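Student: I should like to learn how to read a structure of this kind. May we go through it together, one feature at a time?

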Amino acid sequence: MKILDFISQPWPWYVSGVMIAFIMFLLLFEGKNFGMSANLRTMCSMGGAGKIADFFQFDWKSQRWNLIVVIGAIIGGFIASNFLTPDQSIELNSKTTAALKEMGFANPGKSYVPEEIFAMERFLTLKGFLILLVGGFLVGFGARYAGGCTSGHAISGLSDLQIPSLIAVVGFFIGGLIMTHFLLPIIF
Amino acid sequence: MKYIRFLVIGLLFGIVMFKSQAVSWYRIFEMFRFESFHMYGIIGTALFFGVIIVQTIKRRQLKSRKGNPILFAPKNKSVPRYLIGGIIFGLGWALAGACPGPMYVLIGNGTFSILIVLLAAVLGTFTYGLVRRKLPH
C-alpha cells in the first residue's frame with residue numbers, strides 16, 4: 001500500500017523528465033522514433049486520404065506500432081486517472097489563478113482541465129465548439145507543416161541537436177505566447 | 001504479440017504524462033506565462049538525458065534490439081516550414097492546452113470533448129496534405 005500511496009502523489013518534474021527520456025530510448029531501441037503527431041497522418045491514410053493527396057500515400061501499416069503506442073497511452077491515462085490519482089487538483093501559481101479568475105474561470109486548478117473549455121455542455125455552444133475545433137485544427141496543421149510536435153521536435157529532434165527542431169520549438173513558443181497573452185484574454 | 005512492447009511503452013507514456021500533470025491545460029497556460037518551472041523542468045530533464053542517450057548511441061554506434069544500426073535522419077535545412085508551422089502549432093497548443101500525445105491520454109481520463117480536438121487535429125493534418133505544395137517550405 002505504501003508504494004501506491006507514494007505513486008499517488010503528483011510526480012515531480014525530474015521524475016517525469018527522466019521517464020520521457022527513457023521512453024524515447026525504448027523506442028529507439030526498438031528501431032522506431034518518438035513522435036506522436038505522425039499518428040494523425042497515419043489516421044488520414046487509414047481513412048483513404050491517399051486517394052485525394054499523395055502526402056498520404058504511404059504504407060500506413062508500417063506505422064501500426066505507433067497506433068499501438070496511442071492505445072497504450074489511452075489505457076495509461078485511464079489507469080493513472082482512475083487508480084493512481086485520488087486528488088486531481090493542480091497546484092497553480094497564485095498569479096496564474098488570479099489571471100484565470102479575471103478571465104472568468106470559476107475554479108482554476110480544481111481538476112486537470114477547465115470546465116470552461118472541456119465540460120460537455122460547452123461544446124454544445126458555438127463558441128465552445130469552435131475553441132476545441134480551431135485548437136485541434138491548428139495543432140494538426142501546424143505539427144505536420146513543422147514536421148513534428150512536442151515529442152518529435154522538442155524531445156527527439158533537440159536530443160539529436162537538430163537546428164530545424166530548435167527553430168520549430170522557437171515557433172511553438174511564439175505561437176503559444178501570442179495565444180496565451182493576447183488571444184485568450186480576448187476569447188474569454 | 002510483437003506489438004505488446006509498444007502497448008507497454010504507450011501505457012508508461014500515458015501514466016507519466018498524467019502523473020506529472022503535463023496533460024493539464026492549466027500547466028500549459030502557466031508555462032506560457034512563465035509562472036511555473038514545472039513544464040520547463042520536465043522538458044529540460046528529458047532533454048538533458050535525451051542528449052546523452054542520442055549522442056551515446058551515435059558515438060558508440062549502438063544497435064537496436066534486432067541488431068540493426070540506430071539511425072537518425074537529419075531534418076531538411078529550412079526556416080519557413082519550421083517557424084511558420086511551429087507558430088501555428090503553438091497557437092493551437094496554448095488554446096486546446098494539449099499537444100498530440102496528451103490528447104490520447106486525456107481520452108483515458110474521460111475528457112471526451114478532447115475527441116473533438118483530436119478529430120480537428122486529423123482534419124488539420126488532412127488539410128495540410130491538400131495544400132502543402134502551395135506553402136513555403
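Tutor: Certainly. Please keep in mind that this is a predicted model. Let us begin with the place where the chains meet.

Student: How many residues does each chain bring to the contact?

Tutor: The size of an interface is often given as the accessible area lost when the parts come together. Here we count residues instead: chain A contributes 106 residues and chain B contributes 102 residues. On the side of chain A that touches chain B, at least two residues come from each of α2 (13-29), α3 (38-46), α4 (64-83), α5 (94-102), α6 (115-118), α7 (126-146), α8 (150-159) and α9 (163-187) of chain A. By class, that side of chain A holds 73 nonpolar, 28 polar and five charged residues.

Student: What is the secondary structure of chain A, and what is that of chain B?

Tutor: Chain A has nine helices and zero strands, while chain B has six helices and zero strands. The C-alpha trace of chain A spans about 45 × 45 × 35 Å along its principal axes; for chain B the spans are about 45 × 40 × 40 Å.

Student: What share of each chain is buried?

Tutor: A residue counts as buried if 20 or more other C-beta atoms lie within 10 Å of its own. In chain A, 48% of the 188 residues are buried. In chain B, 55% of the 137 residues are buried.

Student: How should I read the contacts along the sequence of each chain?

Tutor: One asks how far apart in sequence the touching residues lie. Among contacts in chain A between residues at least 6 apart in sequence, 45% join residues at least 24 apart. For chain B, the corresponding share of contacts between residues at least 6 apart is 44%.

Student: Which residues have the most contacts inside the largest nonpolar core?

Tutor: They are Ile20(A), Phe89(B), Ala98(B), Val117(B) and Ala121(B), in a core of 92 residues. Helix α4 (residues 80-96) of chain B gives this core its largest share, 10 residues. Domain 1 (1-86) and domain 2 (119-188) of chain A each supply at least three residues to the core.

Student: What does Val117(B) touch, leaving aside residues up to four places away in sequence?

Tutor: Val117(B) touches Leu132(A), Gly135(A) and Gly136(A) in chain A, and Ala96(B), Ala98(B) and Met103(B) in chain B.

Student: You spoke of domains. How do the two domains of chain A lie with respect to each other?

Tutor: Their C-alpha centres are 18 Å apart. Nine residues of domain 1 of chain A are in contact with 10 residues of domain 2 of chain A. On the domain 1 side of this contact, α2 and α3 of chain A each supply at least two residues. The residues of that side are five nonpolar, three polar and one charged.

Student: Is α3(A) mostly covered or mostly open?

Tutor: Eight of the nine residues of α3(A) are buried, so the helix is mostly covered. The buried residues include Leu40(A), Arg41(A) and Met43(A). Among the elements covering them are α4 and α7 of chain A, together with α5 (100-109) and α6 (114-131) of chain B. After α3(A) comes Gly48(A), with a positive phi near 95°.

Student: How does one describe two helices that pass each other?

Tutor: An α-helix has 3.6 residues a turn, so residues three or four places apart point the same way. For a pair of helices, one gives the distance, the angle and the handedness. The axes of α8(A) and helix α3 (residues 38-60) of chain B come within 8 Å and cross at roughly 35°. The crossing of α8(A) with α3(B) is right-handed. Residues making the contact include Ala154(A), Ile155(A) and Leu158(A) of α8(A), and Ile43(B), Leu47(B) and Val54(B) of α3(B). By class, the contact of α8(A) with α3(B) has nine nonpolar, two polar and no charged residues.

Student: Which residues other than glycine have a positive phi?

Tutor: Two cases are Leu161(A), with phi near 55°, and Phe34(B), with phi of about 55°. Leu161(A) is in the loop between α8 and α9 of chain A, and Phe34(B) is in the loop between α2 (25-32) and α3 of chain B.

Student: Why does Leu161(A) count as partly exposed, and why does Phe34(B) count as exposed?

Tutor: The limit for an exposed residue is 12 or fewer C-beta neighbours within 10 Å. Leu161(A) counts as partly exposed because it has 13 C-beta neighbours inside 10 Å. Phe34(B) is exposed because 12 other C-beta atoms lie within 10 Å.

How values were computed. Residues are numbered from 1 along each chain as its sequence is written. Chains are lettered from A and ligands numbered from 1 in the order in which they are written. This is a predicted model: local features need pLDDT of at least 70, side-chain atom pairs count only at pLDDT 80 or more; totals for chains, interfaces and linings use all residues. Two residues are in contact if their C-beta atoms, placed from the backbone, lie within 7 Å. Helices (H or I, at least four residues) and strands (E, at least two) are DSSP runs, numbered from the N terminus. Ala, Val, Leu, Ile, Met, Phe, Trp, Tyr, Cys and Pro count as nonpolar, Asp, Glu, Lys and Arg as charged, and the others, Gly among them, as polar. A nonpolar core is a set of buried Ala, Val, Leu, Ile, Met, Phe, Trp, Tyr and Cys residues joined through C-beta atoms within 7 Å. Domain bounds come from an automatic or database domain assignment. Axes are lines fitted to C-alpha atoms, for helices over the stretch in contact, and angles run from 0 to 180 degrees between N-to-C directions. A crossing is left-handed if the near helix is turned anticlockwise from the far one by less than a right angle, and right-handed if clockwise.
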